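Reader: I have a structure to read and would like to go through it by question and answer. Please show it first.

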Amino acid sequence: MTYFVTILGVVLIATALRDIFHELFHPSGSGSASDALTRIVWRVFRRLARYFPAALSLAGPTAIVVVITAWTVLLVTGWSLVYLPHLPDKFLFAAELDPSTQGGFVDAFYLSFVTLATLGFGDITPTSDWLRMLIPLEALLGFVLLTASITWVLSLYPALTRQSALAHETRLFIEAERETGIGFGDLNEAAAQTLNRLAGQLILVHSDLTQFSIAYYFHDRGERTSLPANISYLARLAEQGGKSNSAVVRLEAVVLRKALDDFAQTLAKDFLNLSSASTGDILTAYARDHLKEQNSIEAKT
């Protein structure tokens, strides 16, 4: 029984560490457990949004809290199971604690929690040499978890800012075309620079999404800064640029179209569970998943 409990604890610790590594340190990967939790949170908030539309904007922040809490619970519980078979025999209890009444899972969980949190109250201390080496290791992992989680959050918000900036610029093109009646196909060489800039921004957003998959679940309520609502217009710009008389404009239009195709395929594979769908259909599903209507010239005229 002792070996079973210890092995179970090691498995929980390994599961948490693997998930943390993939989510925080793998350049283009994500942990399976955190992905599953994030998708569950998203579905719950999408259902709530039917009755409270503003609720969907809380899905992303809530998912971060849920994932970090899950990592903490896995680590604390895992280390608790490692300590449990050795309580109270291999631990020294403070004078106010009666060892004969201690040694259950609550004490193991308490010891693990204060160790992971690096509090170090010292009311329960190990007497065995190998346990004296093991407890500082948990404290070190607790410090790593705190630092990595903060770094994760701080790195995520610049990615969300780039996503909003691309959506905002795209929306401005939509509004400018409606107001002036000048289509992108009416422009000449100057259009090449614009297409190049938009393609570069989209590539950055795509890279952000592969590194921080949780960014997908941040819902922007505003129409002007919502990428799902406005991204389909980039396909229109690429189509217009492809009909230009300028070879440079046509070249940049192809680059933008291919960047859109790559972005759409990532959406389809990692988030929308679509296969053999066109880029247009994927972008439509992307907008629908965020409870948005595509903001395009065709939809408004």
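Reader: How much area does the protein expose, and what share of it do carbon and sulfur atoms supply?

Author: This is a predicted model, in which local features need pLDDT of at least 70 and side-chain atom pairs count only at pLDDT 80 or more, while totals for chains, interfaces and linings use all residues. Residues are numbered from 1 along each chain as its sequence is written, and side-chain values use heavy atoms, with hydrogens and water left out. Accessible areas come from the Shrake-Rupley method with a 1.4 Å probe, and for residues only the protein chains shown count as cover. The protein exposes about 15500 Å², and the share from carbon and sulfur atoms is 62%.

Reader: What is the radius of gyration of the protein, set against a compact globule of 301 residues?

Author: The radius is taken over C-alpha atoms, and the globule rule is 2.2 Å times the number of residues to the power 0.38. The C-alpha atoms fill a box of roughly 85 × 40 × 35 Å along the principal axes. A compact globule of 301 residues would come out near 19 Å, but the protein has 26 Å.

Reader: How many helices and strands does the protein have?

Author: Helices (H or I, at least four residues) and strands (E, at least two) are DSSP runs, numbered from the N terminus. The order of the elements from that end is α-α-α-β-α-β-α-α-α-α-α-α-α. The count is eleven helices and two strands.

Reader: Which residue follows Leu-87 across a cis peptide bond?

Author: Most residues other than glycine have a negative phi, and most peptide bonds are trans. Here the bond after Leu-87 is cis, with omega near 0°. Its second residue lies in the loop between helix 3 (59-83) and strand 1 (91-93). That residue is Pro-88.

Reader: Is Ser-276 buried or exposed?

Author: Ser-276 sits in the loop between helix 9 and helix 10, and its phi is near 55°, a positive value in a residue other than glycine. Buried means under 20% relative accessible area, exposed over 50%, and partly exposed in between (1.4 Å probe, protein chains only). Because its relative accessibility is 85%, Ser-276 counts as exposed.

Reader: How far apart in sequence are Arg-162 and Asp-208?

Author: Side chains of opposite charge can pair when their charged atoms come close. A salt bridge is a side-chain nitrogen of Lys or Arg within 4 Å of a carboxyl oxygen of Asp or Glu. Arg-162 and Asp-208 meet in one, at 2.8 Å from N to O. The pair links distant parts of the chain, with Arg-162 in helix 5 and Asp-208 in helix 6 (residues 190-211), and the separation is 46 residues.

Reader: Why does Asp-208 count as buried?

Author: Its partner Arg-162 is partly exposed, with a relative accessible area of 33%. Asp-208 counts as buried because its relative accessibility is 9%.

Reader: Which residue forms a salt bridge with Glu-223?

Author: The closest N and O atoms of this pair are 3.2 Å apart. Glu-223 lies in the loop between helix 6 and helix 7 (227-230) and its partner in the loop between helix 10 and helix 11 (297-300), so the pair ties together parts 69 residues apart in sequence. The partner is buried, with a relative accessible area of 11%. It is Lys-292.

Reader: How many salt bridges does the structure hold?

Author: Arg-171, Glu-175 and Arg-224 are linked in a network of them. The structure's total is eleven.
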